[in-house]
Amino acid sequence: MTADFGIKIEGVSHAYGGGQSGLASGTLALKQTDLLIGHHEFHALLGPSGCGKSTLLYLIGGFIPVQTGSISTQKGPVTAPGPDRSIVFQNFALFPWKTVLENVMYGLQKKGLPEAECREIAQAHIKLVQLGGFEQAYPSQLSGGMQQRAAIARTLAVDPDILLMDEPFGALDAQTRRVMQEELRMIWKKRPKTVVFVTHDVHEAVFLADRISIMSARPGRIEHQIDTGLGPERDESTLTDRRFVELGEQIWRLVREQAVLASRGGL
Amino acid sequence: MSTLSALLKREGLMQALVLAGLALVWEASSRAGWVHPFLLPPLSDVLVRLFTDMQSGAVFVDLGLTLYRALTGFVIAAVLAVPLGILMARKRGVQWFFDPLISIGFPMPKIAFVPIFILWFDIYDTSKVIMITFSCFFPIVTATYSGTSHIDKWPLWSARSLGASENQLLREIILPLAAPSILTGLQIALPVGMITTIVTEMLMGGSGVGGAMIAAGRFADSVGVFAGIMEIAILGMVVIRALDRLRARLLVWHPENRAH
């Protein structure tokens with residue numbers, strides 16, 4: 001049982017703009033955050049904007065250095081970015097000079113796999129996200145939803161232990177967003193991974209996650225943790241499920257509390 | 001779509017007609033004696049001279065020398081300036097050291113260094129090429145530096161989380177992301193390099209289009225001088241068009257090439 005965790009976050013605080021930037025003291029984004037995310041758990045981080053949920057995600061990703069406290073995975077403490085913790089961003093962050101196929105192959109090539117194998121794995125993942133036929137397209141030729149599918153394929157192809165998602169559907173229109181949510185949940189069922197999904201959309205969090213952390217207004221902390229208990233199957237019928245509706249309202253109230261605090265803090 | 005291409009064709013035709021009209025005015029003004037033919041020799045005389053020089057091969061020797069000097073200087077400048085611009089954007093120490101030097105050098109009229117370069121490197125090709133490199137260097141390094149500094153962190157973070165090392169990041173991600181800015185820098189530098197080539201040839205002599213023009217001037221051969229102007233115009237147009245083509249080919253992925 002001791003090793004059966006996905007991500008362990010202990011006493012993590014993070015300040016921006018301190019030190020040399022000339023500010024007397026930096027802005028505290030995270031304060032004494034503790035969080036234990038289970039192995040192959042789909043975990044959503046929910047909170048008002050500016051609460052530090054993205055900061056926490058970037059710390060897990062190793063993109064910004066841990067200042068205080070510690071973050072560790074099965075591979076040990078996090079010190080730098082790596083393909084065991086791959087990420088999907090809101091703005092897709094595809095490589096615009098590479099085709100869809102080349103984008104998806106990139107991480108596989110970094111692993112040193114032979115070219116033919118890279119191509120094969122990449123193609124399988126392009127099919128998985130239903131982008132078959134667009135292998136040779138450049139990102140700028142694709143719609144937002146298709147670009148995000150490509151980005152998800154690129155991230156899944158390297159088979160990370162942990163999948164980090166930073167408001168991945170935030171830039172998509174409502175219909176595309178809904179479709180992508182269902183597909184993500186389906187893909188996750190086929191290939192279980194530890195997922196940390198940052199969002200400020202309450203229903204998105206409830207629909208996707210097994211467990212939800214609600215963060216406090218800045219400086220961020222984990223204020224509440226809720227098991228959705230909606231079971232592994234999520235589809236159209238989940239949306240009308242009594243539990244889904246109730247959870248949505250309950251969580252919305254908790255998030256709203258923090259959002260109100262955040263807006264007062266801003267005055 | 002077909003109407004658009006027809007319109008474009010028509011526009012191209014109109015532009016050609018305007019050029020032809022101007023050529024006609026040129027020809028007529030000296031033929032009719034409005035302007036003294038020594039000050040402005042008739043276009044037809046200039047074209048005949050170009051043709052005979054082409055037959056004798058003299059044009060190609062001059063054009064070849066000019067092109068060789070211009071491109072050598074330009075390529076050396078690019079090879080030095082692109083990596084330096086990228087390093088300046090990525091490494092604080094490099095930026096700290098070079099930024100003041102480039103700030104001073106960029107606005108300076110590089111051609112003012114000609115006497116110094118003649119003193120140091122003599123008047124032959126080495127000296128000319130160094131002069132051309134020197135004047136091409138600044139626009140390229142500035143454009144590369146600014147383009148690289150404005151790259152989003154997201155694709156860089158993506159690459160890192162896909163397993164790219166710091167060195168792979170530079171070559172495989174940062175270089176292509178900065179490519180549009182780098183190419184813009186090259187497109188600014190190329191005409192600067194052409195100008196510098198002609199001027200150094202005029203000042204230092206030794207064949208090339210610039211040298212040939214000065215020689216023609218010394219012999220009061222105004223047709224020869226105007227033939228030189230035509231050669232420069234054609235050469236400049238060809239190399240700049242070639243670089244435009246190169247840009248379009250390298251940046252096929254870029255939205256700027258989504259014309260269809």
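This short talk walks through one predicted model with two chains, A and B, and looks at its core, its strands, one helix and the contact between the chains.

Before the details, two remarks on conventions. Because this is a predicted model, local features are used only at pLDDT of at least 70 and side-chain atom pairs only at pLDDT 80 or more, whereas totals for chains, interfaces and linings use all residues. Residues are numbered from 1 along each chain as its sequence is written, and chains are lettered from A, with ligands numbered from 1, in the order in which they are written.

Let me begin with chain B. Chain B has ten helices and zero strands, where helices (H or I, at least four residues) and strands (E, at least two) are DSSP runs numbered from the N terminus. The C-alpha trace of chain B spans about 75 × 60 × 30 Å along its principal axes, and buried residues make up 31% of its 260 residues. Here a residue is buried if 20 or more other C-beta atoms lie within 10 Å of its own, exposed if 12 or fewer, and partly exposed in between, with C-beta atoms placed from the backbone.

Helix 2 of chain B, residues 43-56, is a useful geometric check: at 1.5 Å a residue its 14 residues should span 20 Å, and its end C-alpha atoms are 20 Å apart, which agrees. The expected span is 1.5 Å times one less than the number of residues. In this helix B:L43, B:V46, B:R49 and B:D53 are buried, and, seen down the axis, the buried residues of helix 2 of chain B fall within an arc of 125 degrees, so they line one face; the arc is that of the directions from the helix axis to the C-beta atoms. The face turned away from that buried side carries the exposed residues B:F51, B:T52 and B:Q55. After the helix comes B:G57, whose phi is positive, near 90 degrees.

Turning to chain A, which residues of strand 3 are buried on each side? A:F42, A:A44 and A:L46 lie on one side and A:H43 and A:L45 on the other, and all are buried. Strand 3, residues 42-46, runs parallel to strand 8 (residues 194-199) of chain A, with five bridges joining the two, and strand 3 also pairs in the parallel sense with strand 9 (residues 211-215) over four bridges; pairing requires that DSSP find at least two bridges between two strands. The bridge partner of A:A44 in strand 8 is A:F197, while that of A:L46 in strand 9 is A:I214.

A:L46 also appears in the largest nonpolar core, where A:L46, A:V196 and B:I140, out of 112 residues, touch the most other members. Such a core is a set of buried Ala, Val, Leu, Ile, Met, Phe, Trp, Tyr and Cys residues joined through C-beta atoms within 7 Å. Its largest share, eleven residues, comes from helix 8 (residues 166-204) of chain B.

Finally, the contact between the chains: 21 residues of chain A are in contact with 14 residues of chain B, contact meaning that the C-beta atoms, placed from the backbone, lie within 7 Å. Strand 6 (85-88) and helix 2 (100-110) of chain A each supply at least two residues of the side of chain A that touches chain B.
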